[in-house]
There are 2 protein chains.
Amino acid sequence: MIEDLLATIVGVDHIDVGDQISEDATHDESLDGVPVRPRAVVRPGSTEEVAAIVRAAVVEGIPLTPRGSGTGLSGACTPVAGGVVVSFERMNRILEIDTDNHVAVVEPGLTLAELDAALAPHRLIYPVFPGEQSASLGGNVATNAGGMRAVKYGVTRHHVLGIEAVLGTGDVISAGGKFVKSTSGYDLTQLVIGSEGTLAMVTRATLRLHPRPEFHTTLLAPFPTIQAIASAVPPIAASGVGPLMVEYIDLVSMAGITANAGIDLGIPAEIKEAALAYLVIVLENHDPTRLEEDTEALAGQIAGLGSLDVYVLPDQAGTQLIAAREKAFWASKANGADDIVDVVVPRASIPSFLDRVSERAAATSSLVIGCGHAGDGNVHLSVWQPDPDVRHTLLHDLMTSGLALGGAISGEHGIGTQKAGFLAELEDPVKLDLMRRIKAAFDPHGILNPGTVFDPVGPSGAGGATGATGPALVTGAGR
Amino acid sequence: MIEDLLATIVGVDHIDVGDQISEDATHDESLDGVPVRPRAVVRPGSTEEVAAIVRAAVVEGIPLTPRGSGTGLSGACTPVAGGVVVSFERMNRILEIDTDNHVAVVEPGLTLAELDAALAPHRLIYPVFPGEQSASLGGNVATNAGGMRAVKYGVTRHHVLGIEAVLGTGDVISAGGKFVKSTSGYDLTQLVIGSEGTLAMVTRATLRLHPRPEFHTTLLAPFPTIQAIASAVPPIAASGVGPLMVEYIDLVSMAGITANAGIDLGIPAEIKEAALAYLVIVLENHDPTRLEEDTEALAGQIAGLGSLDVYVLPDQAGTQLIAAREKAFWASKANGADDIVDVVVPRASIPSFLDRVSERAAATSSLVIGCGHAGDGNVHLSVWQPDPDVRHTLLHDLMTSGLALGGAISGEHGIGTQKAGFLAELEDPVKLDLMRRIKAAFDPHGILNPGTVFDPVGPSGAGGATGATGPALVTGAGR
C-alpha cells in the first residue's frame, strides 16, 4: 500500500487518508471547479522527504499534486482521483534573510504575509503582491504570481533568483543563487517558475528583496470611458515617474468593491454619473517631499489627459481602496459570478479588447465586468452566464480576441486544470508538443500534477506509470 | 551538395564557400580560441530562409553555428569543421518601435548601436549595455548579455518579452509578446535566452524599452582595499538611491584602462599611492535637481564608508571613464592577457572570492587583475599565465571557489566552447543530464551549435545526424 510507504516517509502524523482528508484539500478557490478527493494527503517536512515521496510515487505509478495555501484561481492544485496531494504546510520556514545581498531564502509553504512581517523590521520588501497575502511562496512560484505592483517591480519570475526542486525522477536540483545574472547553462529556475507544478516541486526559493519605500500616495481619477484611461497610460508611463500601481476599475466593479468593503470615497454625485471607469495610481518614494512633488505633477498630467477630476485620497481611504480592489475576486464570488478570466494584452490594446468583450457580452446576454492592471495590460473579468455551453463559447471568444491582439490566455492566474482545454484548443500545436517534450525531460513518468496545463506525457510502456496518465483534458465546458 | 541546396535557399550572393569565407567567420573575440574554418557561411534574409536552412541541415546531418556580430568572449560562435555558419548580418531590421507599449521588435542582426540611435529621438532606451555597442541583439539574447547597468535594470533576460525562433526541427515558434507577465504554459522565451544558440535560432525579438533619463553623474571613490568597497555596497544599495552602475576597478586595471584611453582623472598622487581599488558609481535621473541632491547625499555616504576621498567627475571625464571601463577587455587583450574569467558570486562574497584569487595567483605565479560589477557580484578577471596546464588549473580553482561561495561559472559571457569543459567538470551531473534532455526536446538531431555549452545529444541511430555529433568536449586546457 502506497499509504503505508508514505507514512514511513513523513510519519503517521503527517499523512491523511479516508475521512481524515479535509474538504479544503479537494479544491482551490477557483469558481466552478469540481472538487476531487485524493487517495491521501502527505505533509513532508524536508526536501529529502519530498524526494522520497516522488520516488515512491514513481514506483507505484501514483500521480502527485503539489499544494501550497490552495488560494489559486485555476484549479492547478485540484487533486487527481487515486492520486496523492503533497501539501507544503510544514515546510514554511524562512531559512535566511540576507541583508547584505538583499535576498531571502524560504521554504514553499511560507505565506506572503509571514514573509512580509519578517522583512518589515529590516526595511526590506518582497514586492510581489498578488492580492492574497495568505498565498504561499511555493504557489506564487508555480503560477508566476503577479498583482498590482507588477507595473513597477515585475512579477514572481523577476524576483526568484534560485530554487531547489525535486524532479519527477526524485532527483533534487539546485539552480541559480544569490545573484541576478548568470549564463552558465540553461536557466532551470526560469523554466520551473510558472510551470504550475508540472515539471518539479520547488522545495526552496531564493528571493530578491528591495529597500522598502516608506511613503505612498493614491490618486483616483474618474474617466468618461475605459478607452480614455487606456489612452492616458502611455504618457503616464513615459513621464518616468514610475508608479507602483496603475489600475483601472470599471463602474460596476467600483460599486461592487466599495460596497463589499463598506467604503465611501466621497466622489460627488455628478461625477459618479458621468464616470464609466476609474483610474487608480499609487506612487511610492523614500522621500516625502519628492512624493508630494510627483503626486502633484501626476495629478496635473492626468487632468490634462481627459479625466473628469483627480482626487488624492487620504492615507486611510487609499489603503482601503487598494485593499478592496485586492478583494475584487471575492466581491465577484459573493455576487455569484460564474467564472473569471485574466487575459493579458499589450497595454495599448486594452480598449480594443474591451470593445470586443462588450460586444460578446451583449451578444450572449452575459454580464462581464472587471478591473485590471492598466499599466501592464492584464485584464481581470468576472463573467455571469449560467449556461455552461454559452459561457464556454464566450470565454473561448474572449481568449481568442486577446490572442489575436498579441496577448496570452492568462496573465497571472495560470492555466491550471480549468483552462487546460482552452490552451489545447488555442495554442500552437508545435509549441504544445515542444512543451510536452520539456515536461518529459523533467517528469518522464508523468506523475507531477497531471491534468494541469496539459495532459501529461507518459512514455508508452514506462514501468509503473500506468496509473499516472491522469484525467482526460478538461474542455472548459461546464466548469 | 549541401552548398547547392543552401544557395537555392538564400541565393548565390548570400553564401560563401572555400576562399570566399572571411577569416572573421572562423572565431569570435575570445582570447586563445582556435579558429575553425566552416564548410560554408550563409546569410539568410528571412525567418523562412532560416527554417529552410535548418531543414536542409537536418536532412544532410550538417551542424549549424549561428553568428551575430562575432563579439562574444566564450567561443560560442566558433564554427564546427564541416559545419555551416548561419550569419544574421542581413536580418538586421528594426521592425517596429511601439511608443505606446514601450517595446521594439527587432531582427537578430541589428546592433545595439543601431538600436540606440533609433530609440534616442523617442526618448526611449533599451538599457542593456554589455559594453560593446557593435554586438548584435541576437548575440545578446543568446548569451543573456549583461553589463554595467544590470544593477539597476537587470540583464537581457529581463528585457526580452518575446521571441520568434527556429527549432532544430525547422519548426518556427513565437513565444511571449508585448507584455511583461503571462502564465500560459512554459516560458519558452526565458528558456531560449542564454542558451547560446543550442536550442533554437532567434529570428525576432520583442524588447522592453524604458524612458530615457537625460541627466547623469559619475562618482569616483578611491578605497584602501577592495574589501572596503565590497563592504560599502550593501548600505549604498539599501539607501534606495538606485544607482545605474556600481563598479569596482582594481589599481592595476585602473592604470591600464586610463592609459589605454589616454585619460587623466586628476587624482592627487598621495591618494593614488594609498588606493588599491576604485569604486565608480553612476546615477541617472529625469530631474537635474534630484540628481544633484542624490549625488551629494551619496558622496557623503561613501565618505562615511571608508573611502579615501570622493570625486564627482565632470561630465566629459565621467563619460570617458565609463567608455574606458567598457574597453577594459581590449586593454587586457592589447597587453597580452592569456584568458579572462567572469565568475559571478553573491555581491557580499566579492572580498572572499578575491582573497582566494590573490592566493591562487600568487601560488601559481600568475598575474590576475580585474574590475567588476560590484553591485551584482560579477567579477571580471584578466589572467596572465602562459603555461596552459597551470592556467587551466588556476581557472578551475577560481571557478570552483566561485561556486563554493554560491556563485556561477559565468555571469554574462556564457559557457560557449571555451568553458564547456569546465561546465562538464563542475556542474551537477543531474542538471547536465536534464539540460541535455531539454536540448534534445528542441534539437533532436543535435545540429544546433554543437560543442557549445556541452556536447550535443544525438539520439543514436537518428537518420542523417551522424555528422552532427560535434567535436569532443573542450577541456579548457591549452585554450
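## Reading a two-chain interface

Modeller: Let's start with one contact: A:Asp187 and B:Arg157 join their side chains in a salt bridge, at 3.1 Å from N to O. Keep in mind that this is a predicted model.

Biologist: How many salt bridges does the rule find across the interface of chain B and chain A?

Modeller: Ten of them. Polar contacts can be counted too: the rule gives 33 residue pairs across the interface of chain B and chain A, with both partners at pLDDT 80 or more.

Biologist: Which element gives the most to the side of chain B that touches chain A?

Modeller: That's α16(B), with nine residues. Several elements of chain B each supply at least two residues to that side, among them α5 (150–153), β9 (172–176), α7 (226–238) and α10 (288–303). By residue type, the side of chain B that touches chain A splits into 33 nonpolar, 26 polar and 19 charged.

Biologist: And how do I put a size on an interface?

Modeller: The general idea is that people often quote the accessible area lost when the parts come together. In this model, chain B and chain A bury about 6,100 Å² between them, and carbon and sulfur atoms give 58% of that. Of the area that chain B buries against chain A, 16% comes from B:Lys181, B:Thr183 and B:Tyr186, more than from any other three residues. In residues, the contact takes 78 from chain B and 77 from chain A.

Biologist: Next, aromatic pairs. How many does the structure hold over all chains?

Modeller: Four. One of them is A:Tyr186 with B:Phe454, an edge-to-face pair at 5.7 Å centre to centre with 75° between the planes. This pair crosses between chains: A:Tyr186 sits in the loop between β9 (172–176) and α6 (188–192) of chain A, while B:Phe454 is in the segment after α16 of chain B.

Biologist: Are those two rings buried or exposed?

Modeller: The cut-off for buried is under 20% relative accessible area. A:Tyr186 has 4%, so it is buried, and B:Phe454 has 3%, so it is buried too.

Biologist: Why is the pair of A:Phe329 and A:Trp330 called edge-to-face?

Modeller: Planes over 60 degrees apart earn that label. The planes of A:Phe329 and A:Trp330 stand at 70°, with the ring centres 5.0 Å apart, so the pair is edge-to-face. A:Phe329 is buried at 13% relative accessibility, whereas A:Trp330 is partly exposed at 29%.

Biologist: What should I look for in the backbone?

Modeller: Try the sign of phi: most residues other than glycine have a negative one. Here A:Arg123 isn't a glycine, but has a positive phi of about 55°. A:Arg123 is in the loop between α3 (112–119) and β7 (124–125) of chain A, and is exposed with a relative accessible area of 53%. B:Glu196 isn't a glycine either, and has a positive phi of about 55°. B:Glu196 lies in the loop between α6 and β10 (200–208) of chain B, where it counts as buried at 2% relative accessibility.

Biologist: Let's end on a glycine. Where is the place of B:Gly72?

Modeller: In the loop between β3 (64–67) and β4 (84–87) of chain B. B:Gly72 is partly exposed, at 29% relative accessibility. Leaving out residues up to four places away in sequence, B:Gly72 touches B:Asp28, B:Glu29 and B:Ser30. As for B:Leu426, 354 residues away along the chain, its C-alpha atom is separated from that of B:Gly72 by 22 Å.

Note on methods: Residues are numbered from 1 along each chain as its sequence is written. Chains are lettered from A and ligands numbered from 1 in the order in which they are written. Side-chain values use heavy atoms; hydrogens and water are left out. Helices (H or I, at least four residues) and strands (E, at least two) are DSSP runs, numbered from the N terminus. Buried means under 20% relative accessible area, exposed over 50%, partly exposed in between (1.4 Å probe, protein chains only). Contact means heavy atoms within 4.5 Å. Buried area is the accessible area (1.4 Å probe) that two parts lose on being put together, summed over both. A salt bridge is a side-chain nitrogen of Lys or Arg within 4 Å of a carboxyl oxygen of Asp or Glu. A polar contact is a pair of N or O atoms within 3.5 Å; within protein, one must be able to donate a hydrogen and the other to accept it, and residues adjacent in sequence count only if both atoms are side-chain atoms. Ala, Val, Leu, Ile, Met, Phe, Trp, Tyr, Cys and Pro count as nonpolar, Asp, Glu, Lys and Arg as charged, and the others, Gly among them, as polar. Rings of Phe, Tyr and Trp (its six-membered ring) pair if their centres lie within 6.5 Å; planes under 30 degrees apart count as stacked, over 60 as edge-to-face and the rest as tilted.
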